[in-house]
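Here is a short briefing on a protein chain. It covers salt bridges and strand pairing.

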Amino acid sequence: MNLAKVLVYDILFGKGLKCGGVWKVTALKHQARLKAELARLKVQKKVSRNEDLLSPAAGAVKAPVLPRYVRVNSLKTNMEDAIDFFKRQGYAYLGRASSLQDLSRLSGKQFLMDLHLPDILVFPPRTDFHTNYLYTAGHIILQDKASSLPAFLLDPPSGSHIIDACAAPGNKTSHLAALLKNKGKIFAFDLDTKRLATMGTLLLRAGVTCHQLANEDFLKVDPKDPKFKSVQHILLDPSCSGSGIVDRMNDVTDDMGSSSMDRLQALATFQLKVLNHALSFPAVERLVYSTCSVHQVENEDVVRETLLENSAFRLVKALPSWPQRGMPVFPGAECCLRASPTETLTNGFFVAMLERKKRGEEHPFGVSSGIPEPAHRDQPVETTEAQVVSGGKTRKKKKCQQTPLEKSPKK
């Protein structure tokens, strides 16, 4: 009986039968019937993948199912044309979302414009666009909504010089180029040669022409090099634990051993070092720091320490309508943004925006951002009765708490 189970597994889920003789001949006689029964079972269970038939292991946390986010690449198309294209393919456009619940209720071939970011379209989970013309031609970028926050918040004016310090695989770089309208320059650094080569292909497909790729350690880049004298904006998304990625979230629920804590502390040390280095560029006025980590040590702790070590910069509050803020571990931490599957229907993410202080400012915490809420300028007028547009207005920004801090001891 056990041998029969092994043979059936190899036929249905493995790499084929490796044995020979009578057992192989017998099993192969039933191959077509077995595969037909597997197909029938998936239809009955209303699943498309074999792994969806598995019962979750005891104590395991089922990974959340997130919507499919699509960023419209304005270097090649615009929102209205992209929506029209999808409608011609049979998708039903429901207008701009008015709440996160609207996103969670999507099904079939429905789609919406996102309520927070003006260049994001939202489709039901597992919608596959890898063979869609808009994707293969670079008109759309398959990018999680939270990952689109850093470039949106950096908000560089067209013509700016920007550093993307840890750039590969390039989605954020292509987003920056779209915001620049390919006017200006993006200095993009990454140490990984293979990832940088992949990034070059992605940027070519996206129509990016304002970039300069460098296979170089950003920590070794000289801030006083004359070619960086006009860099006023820096995007920093350094190496992190990746604990916010949905497929890895079961690992977060496990007990953290000493080796894991040592790794997190080593990452945080590196992140603080590279953040301090980025802030040493003499002309930088705004920097966005982000990670796809859920751990405080890589997020709020790093931001707090760098503000205490860089008195010329302040933490600003951006996108006040965003529902999840930084952990309240220091006064002003609510200026930071967090994202998670449960609160924002995205991967786990963290974003902080720092700006150089103006003359006379004292505290590193507690100022409002000059970045308005998205106005959705390209929003088509078509909506349905079920989806009522409720945004587009600039809201007043609340000031973050202005309480002085004492520097915490090093861990």
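Aspartate 114 has a relative accessible area of 0%, so aspartate 114 is buried, the cut-off being under 20%. The model is predicted. Its salt bridges come to 10 in total, and its strands include an open sheet of 5.

**The aspartate 114–lysine 145 pair**

- Which residue forms a salt bridge with aspartate 114? The partner is lysine 145, and the closest N and O atoms are 2.8 Å apart.
- Aspartate 114 sits in the loop between β3 (110–113) and β4, while lysine 145 sits in the loop between β5 and α7 (149–154), so the salt bridge ties together parts 31 residues apart in sequence.
- Lysine 145 is also at 0% relative accessibility, so lysine 145 counts as buried under the 20% cut-off.

**The lysine 172–aspartate 237 pair**

- Lysine 172 and aspartate 237 form a salt bridge, with 3.6 Å between the closest N and O atoms.
- This pair links distant parts of the chain, 65 residues apart. Lysine 172 belongs to helix α8 (residues 171–180). Aspartate 237 lies in the loop between β9 (231–236) and α10 (249–253).
- Are these two residues buried or exposed? Lysine 172 has 14% relative accessibility, which is under 20%, so lysine 172 counts as buried. Aspartate 237 has a relative accessible area of 16%, so aspartate 237 is buried too.

**Other salt bridges**

- Arginine 304 forms a salt bridge with glutamate 305. Their closest N and O atoms are 3.8 Å apart.
- Both arginine 304 and glutamate 305 are buried.
- Arg33, Glu37 and Arg40 are joined into one network by salt bridges that share partners.

**The five-stranded sheet**

- What is the strand order in the open sheet? The order is β2-β3-β4-β1-β5, and the pairing is mixed.
- The edge strands are β2 (92–96) and β5 (140–142). Each of these edge strands pairs on one side only.
- From one strand to the next, the twist averages 30°.
- Strands of a sheet pair through backbone hydrogen bonds, and the pairing is either parallel or antiparallel.
- Strand β1 (residues 68–72) pairs with strand β4 (residues 120–123) in the antiparallel sense, over 4 bridges.
- Which residue of β4 stands opposite tyrosine 69? Valine 122 does.

Technical notes: Residues numbered from 1 in each chain as written. Predicted model: local features only at pLDDT ≥ 70, side-chain atom pairs only at ≥ 80, totals over all residues. Heavy atoms only, no water. Pairing = 2+ DSSP bridges. Helix = DSSP H or I, 4+ residues; strand = E, 2+ residues; numbered from the N terminus. Axes fitted to C-alpha atoms, helices over the stretch in contact; angles between N-to-C directions. Salt bridge = Lys/Arg side-chain N within 4 Å of Asp/Glu carboxyl O. Buried < 20%, exposed > 50% of the residue type's maximum accessible area, 1.4 Å probe, protein only.
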